[in-house]
Amino acid sequence: MIDSDIRTEDYGRFPSPCYIVEERLLRRNLALISRVARKSRTEIILAFKAFALWRTFPLFREYIAATTASSLNEARLACEEFGSRAHTYSPAYTDDEFEQIMRCSSHITFNSLAQYERFYPRAKASAEPISCGLRINPEYSEIEVDLYNPCAAGSRFGVTADRLPERLPEGIEGFHCHCHCESDSTALEHTLQHLEARFAPWLGQIEWLNLGGGHLMTREGYDVEHLIRLLNGLHERYPHLRLILEPGSAFAWQTGPLLAQVVDVVEDKGIRTAILNVSFTCHMPDCLEMPYQPTVRGAETLPSDAEEARAQAREGQHLYRLGGNSCLSGDYMGTWAFDRELRAGDYIIFEDMIHYTTVKTSMFNGITHPAIAMLRGDGGVEVLRRYTYADYRDRMD
């Protein structure tokens, strides 16, 4: 069951639609991550690709000191809003952005030896010190969905062991390895076995090892103590290495919902669809990309196939497909079973919609973007951002 301080009577306190970050839950995750960092002697930093709500950064700074960026805009966000230079990695740096990226970065990881040869001389000459690294590909991952698997055959990410020279190029001080996605500690254990088997000849030549993101240590049931043991064991084998993790989802995992409302209910061929004031394609894109059917508060998730759903439904349940308010035909999901009939104005609460979702939204079709609010620990509501026509218009300016 999702832990939440947002009660039915609170819904009207928020704009609709609205992403709601719950401060208590966010602090709970931050405290756990801080404990792992301390006990494992590992620097754990926030990956903006999963969470970039900069109005919450003062809270983050109570627990962590740095962030990771994958673009110039994210690197600027690290410097200008988080207050520290970023650990930056990009699949491909460009000439027109690299100068600004250097100013905003304490670490720069190159995706290929060609990128290193092209840009390292500029990083070496930087006025501010920059620690440079290479992304490596361990050729191993337990991610089953290729969309999220950076080690799938033909990957464009990282350098495999067979392409590395016996001695690392000048100035390469670290390796960056990312091959997890909402993974458990056992996946990291297996990854380390493959990584050490392939890259042992070079681990003595580097100063830091960034094990990337996807370590979902805040998920219920995750073996946190096993993670700590793995990291401390790595310290024992390579005491000279500084270890870094850069999870994204773990920070914002189950820290708040997307609040929506029913606008209309339509029916065709025996399938009832509740049309909402939010869109899957605009506001919950991972649901369609992965795909996965999100948890809806107070509803039972049933198979998407209408016949299967009817067969599994219990007597008295009301079945609905949920539809977005864009003009994309596939902007819907289903089926969910409710204990009541849905009507215009009813609230629909999509659980766990803060990590990744908030950074991947779009304004396709000009659909009104949900507001962003925080439920403070003292029960107060703070609206962090409302979106207007000007936000849509000025994207094309």
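**Exercise 1. In which segment does P17 lie?**

Start by finding the strand that follows. P17 sits in the segment before β1 (18-22), where strands are DSSP runs of E with at least two residues, and helices are runs of H or I with at least four, numbered from the N terminus. Now look at the bond leading into P17: a cis peptide bond joins S16 and P17, with omega about 0°.

Before you go on, a quick word on the model: it is predicted, so local features need pLDDT of at least 70 and side-chain atom pairs count only at pLDDT 80 or more, while totals for chains, interfaces and linings use all residues. Residues are numbered from 1 along each chain as its sequence is written, and side-chain values use heavy atoms, leaving out hydrogens and water.

**Exercise 2. Find the cis peptide bond that leads into T335, and say which strand holds T335.**

First, check the bond from G334 to T335: it's cis, with omega near 20°. Next, place the residue: T335 belongs to strand β15 (residues 332-338).

**Exercise 3. Work out how α3 and α4 are arranged.**

Step one: get the geometry. The axes of helix α3 (residues 72-82) and helix α4 (residues 95-103) come within 9 Å and cross at roughly 20°. Here, axes are lines fitted to C-alpha atoms, for helices over the stretch in contact, and angles run from 0 to 180 degrees between N-to-C directions.

Step two: name the arrangement. α3 and α4 are therefore roughly parallel to each other, since angles under 35 degrees count that way (over 145 is roughly antiparallel, 65 to 115 roughly perpendicular, the rest oblique).

Step three: list who touches. L72, R76 and C79 of α3 meet E97, Q100, I101 and R103 of α4, with contact meaning heavy atoms within 4.5 Å.

**Exercise 4. Which residues have the most contacts inside the largest nonpolar core?**

Such a core is a set of buried Ala, Val, Leu, Ile, Met, Phe, Trp, Tyr and Cys residues joined through side-chain atoms within 4.5 Å. The largest one has 97 residues, and F110, F175 and F350 have the most contacts inside it. Then zoom in on F110: leaving aside neighbours within four places in sequence, its contacts include Y93, F98 and F119.

**Exercise 5. Is E139 buried, partly exposed or exposed?**

Locate it first: E139 is in the loop between β7 (131-135) and β8 (172-176). Its relative accessible area is 44%, so E139 is partly exposed (buried is under 20%, exposed over 50%, partly exposed in between, using a 1.4 Å probe and protein chains only). Finally, check the backbone: phi of E139 is near 55°, a positive value in a residue other than glycine.
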